[in-house]
Amino acid sequence: MSEADVRAESVGTVVVAGAANLAIAVAKLAAGLISGSAAMLSEAAHSVADTTTEALLYLALRRGARPADVRHPFGYGKESYVWAFLAALFTFVAGAGFAVTHGVTTILVHEHSGNYLVSYVVLAVSFAIESVSLARAVRQIRRESRRWRTTPRRFLRLTADTTVKAVFLEDSAALVGLLLAAAGLTLSHWTGDELYDGLASIAIGVLLLVVAGTLAKANISLLVGRAIPERLRLEIEQELNGLPAVERIDTLLTMQLGPDEILVAAKVDFRNEATGAVIEAAADEAERRLTERYPEIGYVFLDPTPSRPEARHRRARHTQEGPSH
């Protein structure tokens, strides 16, 4: 699958999730106003937050896909993380904030209107629609994990495409939130005590806090300049070490420039007999090998490094050493 196909699939996933959340938000709001349920109103706020998030994620994909220019020679990939971070922030403030405060208010002063049927119907329909949106995100995650030869769980944890991660986490949280709302609503219906409805609303808020925090942390890491996963970095190192003119790789640096763009820079100790022409040919071959194997690699910089006596008989130094993922 090409980069353009992957980007188009991510856009499609975000659009489907956004359309589903918008329809669900309207239905939940109507049900919440009719029934007076705090959990239903919190779920409506949850869906409104998700809808706004999808709009910001769509903007992230579009803005981040712009080509490089003179002022931004490495492209606009990192801008997608700015908009994705704002989406997480909106979920934190609007969704979680409303759910928690409204739940507390319900426990203290609210009286239920007693109309439960509409809420039950909306919850059931919402669960079905959210399941369809989540299924699409799961299919994309599985395809992408196969392409990167890893597990879906590890792909979701390490992927630089935070839009896919956001849709998956938000849809998963939406399904859990619907179950919490249904439980709180049912207990309040059976007992006549609004405590359970309020507690469900607070639980939904806490759930949104966890999702928002997870997404914000991932986007901040990528904005700062995160390296690629260790397994992939080792494979790149092996490719470079496989070049006949290369004695060893002294330093290998990588960075995610965007969801589908990687920068590779290395200090390379070439063999003593390698001429300037041989080094140039090796650099061209390195770029060809890496971009052919990993189309996401957009930039490859090799810096010829003279052999150092203290480094001849020890393992090559890497500035990104760490536990394998």
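**Reading the cut-offs in a predicted model**

Guide: This is a predicted model, and its protein chain averages a pLDDT of 84, with 90% of the residues scoring at least 70.

Visitor: Where is confidence lowest, and where is it highest?

Guide: Helix 1 (residues 3-35) is lowest, with a mean of 75, while strand 2 is highest, at 94. There are also stretches to treat with care. Residues 311-319 have a pLDDT below 50, with 20 contacts in the model beyond near neighbours in sequence. Residues 321-325 stay under 50 too, with ten contacts beyond four places in sequence. Where pLDDT is low, the predicted coordinates should not be read in detail.

Visitor: How do you know that the length of helix 4 agrees with its residue count?

Guide: Helix 4 covers residues 117-147, which is 31 residues. The expected span is 1.5 Å times one less than the number of residues, so helix 4 should span 45 Å; its end C-alpha atoms are 46 Å apart, and that agrees.

Visitor: And what does the same test say about helix 6?

Guide: Its 30 residues, 162-191, should span 44 Å, and the end C-alpha atoms sit 42 Å apart, which again agrees.

Visitor: Which residues of helix 4 are buried?

Guide: Among them are Ser119, Val122, Leu123, Ser126, Glu130, Ser133, Leu134 and Ala137. As background, an α-helix has 3.6 residues a turn, so residues three or four places apart point the same way.

Visitor: What makes Arg149 stand out in its backbone?

Guide: Its phi is positive, about 55 degrees, although Arg149 is not a glycine. Most residues other than glycine have a negative phi. Arg149 lies just after helix 4, in the loop between helix 4 and helix 5. Just after helix 6 there is a positive phi as well, about 75 degrees, at Gly192.

Visitor: Why is Thr106 called buried?

Guide: Buried means under 20% relative accessible area, and Thr106, at 2%, therefore counts as buried. Thr106 is in helix 3 (residues 79-109). Apart from neighbours within four places in sequence, Thr106 is in contact with Ala38, Glu194, Asp197 and Gly198.

Visitor: How do you know that Glu170 has no salt bridge?

Guide: A salt bridge needs a side-chain nitrogen of Lys or Arg within 4 Å of a carboxyl oxygen of Asp or Glu. For Glu170, which is buried, the nearest side chain of opposite charge is Lys28, 12 Å away. That is beyond the cut-off, so there is no salt bridge. Glu170 is in helix 6, and its contacts outside four places in sequence include His46, Asp50, Glu54 and Val211.

Visitor: What makes Arg293 and Glu235 a salt bridge?

Guide: The cut-off is 4 Å, and their closest N and O atoms are 3.5 Å apart, so the pair counts. This pair links distant parts of the chain: Arg293 is in helix 9 and Glu235 in helix 8, 58 residues apart. Arg293 meets Glu239 in a salt bridge too, at 2.8 Å, N to O.

Visitor: Why do Arg293 and Glu235 get unlike labels, one partly exposed and one buried?

Guide: Partly exposed runs between 20% and 50%, so Arg293, at 36%, gets that label. Glu235, at 12%, is under 20% and therefore counts as buried. Glu239, at 19%, also counts as buried.

Visitor: Which residues form the salt-bridge network here?

Guide: Arg149, Arg231, Glu235, Glu239 and Arg293 are linked in it. A search of the whole structure finds 18 salt bridges. One pair, Asp269 with Arg248, has its closest N and O atoms 2.8 Å apart. Asp269 is in strand 2 and Arg248 in strand 1, and both are buried.

Visitor: Which residues touch the most other members of the largest nonpolar core?

Guide: Of its 26 residues, those are Leu232, Ile236, Leu240, Ile249, Leu252, Phe270 and Ile297. Elements giving two or more residues include helix 8, strand 1 and helix 9, and strand 2 gives the most, with five. A second, separate core has 17 residues, including Ala17 and Leu215.

Key: Residues are numbered from 1 along each chain as its sequence is written. This is a predicted model: local features need pLDDT of at least 70, side-chain atom pairs count only at pLDDT 80 or more; totals for chains, interfaces and linings use all residues. Side-chain values use heavy atoms; hydrogens and water are left out. A nonpolar core is a set of buried Ala, Val, Leu, Ile, Met, Phe, Trp, Tyr and Cys residues joined through side-chain atoms within 4.5 Å. Buried means under 20% relative accessible area, exposed over 50%, partly exposed in between (1.4 Å probe, protein chains only). Helices (H or I, at least four residues) and strands (E, at least two) are DSSP runs, numbered from the N terminus. Lys and Arg count as positive and Asp and Glu as negative; His and the chain ends are not counted. Contact means heavy atoms within 4.5 Å. pLDDT is the predictor's confidence in each residue, from 0 to 100.
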